[in-house]
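Grab a viewer and work through these short exercises. Each one sets a task and then walks through a solution.

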Amino acid sequence: MVLSIARDLVNSPSHSMVPEELLSTLRQEVCALENRRKELLVRLEETNMSLVEVQTLLTRKTAQAHTVQNLLAPVSRLPDEILLAIFEEAVRSQEQGQVPRTEMAISYTSHRWRQVTVNSPRLWNSLCIRSEVPVAMLQIYLSRSANIPLTIEFRERETAWPGADKRSMAHLGFALDAIWPSVSRWRRIVVLHRSYPYFTHVFRELRKVAPLKMLQSISMRSPGVCGPCPLLLGDSAPALESLEVEDMPLPPPVTQTFDAAHYSVAGLTTLRLRVRGVGVGSSHAATEPSAFRALISSAPMLSTLEIYGQPINFGQERVNEEDVLPLEIPRLRTLVLCPGTQHPRDLRHFISVIKAPTLRHFELVYPDNAPLGQDVSDLLFDPFPLAKFPLVETVRFHNAVHGDTVAAFMNAFPVAARIKLGSLDAGCLFGNPTSSSSWISHIQHLTVISPLHNTLLKMYEWLLGAASQGHRLPIITLEGPIRAIDGPEFLTQSSKLASCTEVRLCDVDLSMSG
């Protein structure tokens, strides 16, 4: 009505004269609307306050409901100690370098699980340095790991992308700044990266903060690297015990700045060299024999040597074998040889030159291919019939024993008490009763991997013959992978063995359903 009156006034000739009644009416309506607005604002504030209260209550009740629901789950009845043991196994078995990390995922699951994980330093003792992992996350791990020893992993991104190397190097600088305060707690270092500048930069920085007094293990792998693996020098790592190098050559014995005598390996007890593939002679990863010998001579405490593939190129030494000096490793107790091919280039040469008078554990493992691997039985004597490694107590052969070399292998390890054989090796051994009987007097534990039906039959006959002669029978372990459903006769034959002696099964699925 007020608007219509105002319109009439505007259209009238005397619109400049506004009645006081209209002004009064407008003021009343404005006041009424203002009061209404205030009432609505008050109601809105009250509603918002009520909403906050309801939301808070809802959150609390929801958490309580989840807690009660979790209490009904069987896992909630486990004490914290058992729960922590499960968490530790989950963290330990996760894939190396995995992102996101298992321990982090567990800590987000429930309030109780979070309390258990956050207050368990052992779950946070492995730091992964890679561009996907924020520096803030590394600081969280350092804080939660308290003061326990640490494993530091330097890794590249899972997938390559343009500019990845620059990003990796830039992130490395920030990450190192964050973790340097913990260097006194470093027990193990792992470097897995395809960039050689990255490798050299990491070890150059490590040398600056040396000594790493707690460091016991270094593992490095870099497919495609065109240079030797970097090593710490002098007293940089006085407690270093284990060195693992994969797909990288060892550094030459002498350079312009240092020689092998300055490597920080004086206390090294375990050396593991690995090269993937068989074309080692021309491979970028092949180590020259002079470099290998220099490292061995610099590690007088070496007790375990494991060689996978053909990481050492003995080509020149093989040409001049008459002038080659023995490879003396006086404290060596474990020697593992896995050539990765049936006909390795330098295996026979290596066995012929090595001198390890205290050796206790010997393994020769060829791939699961036909034919059997290269024969080295004649080299296990020094000279025949004196065993080259007379003190060996544990041996493992896989695709290494031929039908006509069984006797030589048996005589080469006269006091071996624990024997582990591949199926074909076991078949050759038990197919020759005369040779196998020479071991029965001292063997205590025999393991056969994936035995064939015929092999089990021969083993049973062998046990019967040994028992009839009054020998104490060894413990037998049948190791898989074996599925009873794939060979029903396995159950029958293993039962026959068990009727003679103790039989243990490892990685054997006895279920008869697929």
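**Exercise 1. Start at Ser242: find its contacts, its element and its burial.**

Step 1. Skip the neighbours within four places in sequence, and Ser242 is in contact with Gln216, Ser217, Ile218, Leu268, Thr270 and Arg272. Contact here means heavy atoms within 4.5 Å.

Step 2. Now place it: Ser242 is in strand S5, residues 242-246. Strands (E, at least two residues) and helices (H or I, at least four) are DSSP runs, numbered from the N terminus.

Step 3. Ser242 counts as buried because its relative accessibility is 16%. The cut-offs are under 20% relative accessible area for buried, over 50% for exposed and partly exposed in between, with a 1.4 Å probe and protein chains only.

A word on the ground rules: this is a predicted model, where local features need pLDDT of at least 70, side-chain atom pairs count only at pLDDT 80 or more, and totals for chains, interfaces and linings use all residues. Residues are numbered from 1 along each chain as its sequence is written, and side-chain values use heavy atoms, with hydrogens and water left out.

**Exercise 2. Sum up the chain as a whole.**

Step 1. Count the elements: the chain has 16 helices and 16 strands.

Step 2. Check burial: 44% of the 514 residues count as buried.

Step 3. Look at contact range. Take the contacts between residues at least 6 apart in sequence, and 79% of them join residues at least 24 apart.

**Exercise 3. Follow helix H6 to its end and past it.**

Step 1. H6 covers residues 135-144, and Leu138, Tyr141, Leu142 and Arg144 are buried in it.

Step 2. Take Arg144 a bit further: its charged end sits over the ring of Trp124, 4.7 Å from the ring centre. To qualify, NZ of Lys or CZ of Arg must be within 6 Å of the ring centre and within 35 degrees of the ring normal. Arg274 passes this test too, with its charged end 4.1 Å from the centre of the Tyr308 ring.

Step 3. After H6 comes Ala146, in the loop between H6 and S2. Ala146 isn't a glycine, yet its phi is positive, about 55°. With a relative accessible area of 36%, Ala146 is partly exposed.

**Exercise 4. Track down the unusual backbone spots in other loops.**

Step 1. Asn399 is another non-glycine with a positive phi of about 55°. Asn399 belongs to the loop between S12 and H12 and is buried, at 4% relative accessible area.

Step 2. Which residues does a cis peptide bond with omega about 10° join? They are Ala210 and Pro211, and Pro211 is in the loop between helix H8 (196-209) and strand S4 (217-221).

Step 3. The bond from Asp382 to Pro383 is also cis, with omega near -20°. Look for Pro383 in the loop between strand S11 (361-365) and strand S12 (394-398).

**Exercise 5. Map the aromatic cluster around Phe413.**

Step 1. Searching the whole structure gives 13 aromatic pairs. Rings of Phe, Tyr and Trp (its six-membered ring) pair if their centres lie within 6.5 Å.

Step 2. One cluster consists of Phe362, Phe389, Phe397, Phe409 and Phe413.

Step 3. Phe413 itself lies in the loop between helix H12 (406-412) and strand S13 (418-421). Is Phe413 buried or exposed? Buried, with a relative accessible area of 0%.

Step 4. Pro390 is 23 residues away along the chain, but its C-alpha is 6.0 Å from that of Phe413.

**Exercise 6. Describe the largest pocket.**

Step 1. Its space comes to about 400 Å³. Of the 16 lining residues, Val91, Arg92, Arg122, Asn125 and Ser126 are the closest to its centre. On a 1 Å grid over the protein atoms alone, a pocket is an open set of points with protein on both sides within 12 Å along at least five of seven lines, and lining residues have an atom within 4 Å of a point. Grid points are joined across faces, edges and corners, and the volume is the space filled by probe spheres set on the points.

Step 2. Helix H3 (80-93) and strand S2 (150-155) each give two or more residues to the lining, and H3 gives the most, with three.

Definitions and conventions: 1 Å grid on protein atoms, 1.4 Å probe; cavity = no way out; pocket = protein on both sides within 12 Å on 5 of 7 lines; lining within 4 Å. Phe/Tyr/Trp six-rings, centres within 6.5 Å; stacked < 30°, edge-to-face > 60°.
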